[in-house]
Amino acid sequence: MRFRAQLRQVKVLVQVLSVIQRVNRSEAVLKLSSRRLLLICSEGGAGKCQVLASIKTSQVMEAMRIESKMNDEIYLKVETAVLGRVLKQAERAKDVTMKLGVSASRKPVIQICMVMKGTTTHDVIQEIPVGVMNEEEVGDIDMPECAGIGTHAVSLFFPPLVDLKPFTEKMSKITDRLTLTADVTHSPDQLTNGILEIRTQTPLFSSAAQYRGLTIGKPHSSPASPRVTTSTCTVDSKKLASLLEIEKIAPTQILGHFTDSHSLVVQATAFEELSVVFVIPCMT
C-alpha cells in the first residue's frame with residue numbers, strides 16, 4: 001500500500017475540515033483515491049447527525065501515486081481536529097507533500113512535509129496517527145442515510161446564509177428545537193415560489209421566520225405517486241446551527257430535502273469539484 005501526493009489549494013481542505021469538525025472533532029473516515037477524496041463523519045449515539053464531504057482529487061492534489069489492493073483506494077481513520085490543525089500550518093508553506101508512512105514506533109501515519117517560507121527555507125514534517133481500514137471495516141462504514149430523498153421529500157433551495165443564519169443562531173441559544181416547514185403548494189408551475197418557515201414554540205415563547213420566493217428542487221416522488229407539496233421537520237437547533245457553518249466553503253447553492261418525521265438532508269455545492277451533504281434526523 002502506497003500513497004504520495006503534492007497538495008494544492010490547502011485552504012480548501014482546511015475549510016472542509018472546519019465544517020466536519022462541527023459534527024465530530026475526534027474521528028472521521030478519509031477515503032483517498034485518484035478520482036475523489038471523501039471525508040465521512042457522524043456523531044455517536046442515537047439521533048446522530050452525519051456529514052459527507054466529496055472533493056475532486058485534482059482540485060486539491062497533484063502528482064499523486066496511490067496503490068492498494070482495494071482498487072487503488074485507501075480508507076483511513078483520522079482525527080479531524082489534528083488533521084485540520086496541521087493543514088492550517090501548511091497553508092503558510094511554499095510546497096506541501098502528503099504521504100502515507102510509518103512512525104518510529106512502526107504505527108501508520110500521514111506525513112505532511114512542508115517547505116516553509118521565510119528568510120531561510122526549511123522543512124517541517126508533521127506526523128498524524130491514522131488507522132488503515134481493511135475491506136471488512138470499509139464495508140461497515142456508516143454512510144449518511146439519504147434514503148428518504150428518493151420517496152416523498154419536498155426539495156427547496158435555501159435562502160442566502162446571510163439571511164438564514166442570524167435567526168437560526170439566535171434561536172439555537174434560546175431553544176433546543178426548531179421546526180422547519182417547506183411549502184411548494186402554491187407553486188405547481190412556478191419554480192421560484194417556494195416557502196421555508198422556521199418556527200419555535202414553547203409555553204412561554206414563540207417566534208418564526210419565513211422566507212419566500214425560493215427556488216424549488218426537482219420533485220422526487222414517482223409519477224404514480226401524488227406530488228408531495230409540504231413537509232415538516234423538527235430538528236435539534238444546535239445541529240441546524242452547526243450545519244450553517246458550511247458558509248466557510250462559500251457554497252454557491254444549498255438544497256434541502258425535507259421528509260416528514262424522518263430527516264432533513266442538505267446538499268451544499270461550493271463549485272463543481274466540492275460538495276458537502278448533511279443529514280439531520282428529525283426529533284420525535
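**Exercises on cavities and buried residues**

By class, 13 nonpolar residues line the largest cavity of this structure, with no polar and no charged residues among them. The model is a predicted one, and the exercises below work through this cavity and then through two single residues.

**Exercise 1.** Work out how many cavities of 30 Å³ or more the whole structure holds, and describe the lining of the largest cavity.

*Solution.* A search of the whole structure finds two cavities of 30 Å³ or more, and the largest cavity has a volume of about 100 Å³. The next step is to look at its 13 lining residues, of which Leu13, Leu30, Leu37, Leu39 and Leu83 are the closest to the centre. Turning to the elements, two or more lining residues come from each of helix H1 (10-20), strand E2 (28-32), strand E3 (36-42), strand E4 (50-56) and helix H3 (80-90), and E3 gives the most, with three residues.

**Exercise 2.** Decide whether Thr80 is buried or exposed, and list what Thr80 touches.

*Solution.* Thr80 is found in helix H3. Its relative accessibility is 1%, and because buried means under 20%, Thr80 counts as buried. Leaving out residues up to four places away in sequence, Thr80 touches Leu17, Ile20, Gln21, Asn24, Arg25, Ser26, Glu27 and Ala28.

**Exercise 3.** Do the corresponding analysis for Ala209, deciding whether Ala209 is buried or exposed.

*Solution.* Ala209 has its place in strand E13 (residues 206-214), and at 14% relative accessibility Ala209 counts as buried. Leaving out residues up to four places away in sequence, Ala209 touches Phe167, Leu196, Glu197 and Ile198. Finally, the C-alpha atoms of Ala209 and Thr168 are separated by 9.1 Å, although these residues are 41 residues apart along the chain.

Methods:
Residues are numbered from 1 along each chain as its sequence is written. This is a predicted model: local features need pLDDT of at least 70, side-chain atom pairs count only at pLDDT 80 or more; totals for chains, interfaces and linings use all residues. Side-chain values use heavy atoms; hydrogens and water are left out. On a 1 Å grid over the protein atoms alone, a cavity is a set of points where a 1.4 Å probe fits but cannot get out, and a pocket is an open set with protein on both sides within 12 Å along at least five of seven lines; lining residues have an atom within 4 Å of a point. Grid points are joined across faces, edges and corners, and a volume is the space filled by probe spheres set on the points. Helices (H or I, at least four residues) and strands (E, at least two) are DSSP runs, numbered from the N terminus. Ala, Val, Leu, Ile, Met, Phe, Trp, Tyr, Cys and Pro count as nonpolar, Asp, Glu, Lys and Arg as charged, and the others, Gly among them, as polar. Buried means under 20% relative accessible area, exposed over 50%, partly exposed in between (1.4 Å probe, protein chains only). Contact means heavy atoms within 4.5 Å.
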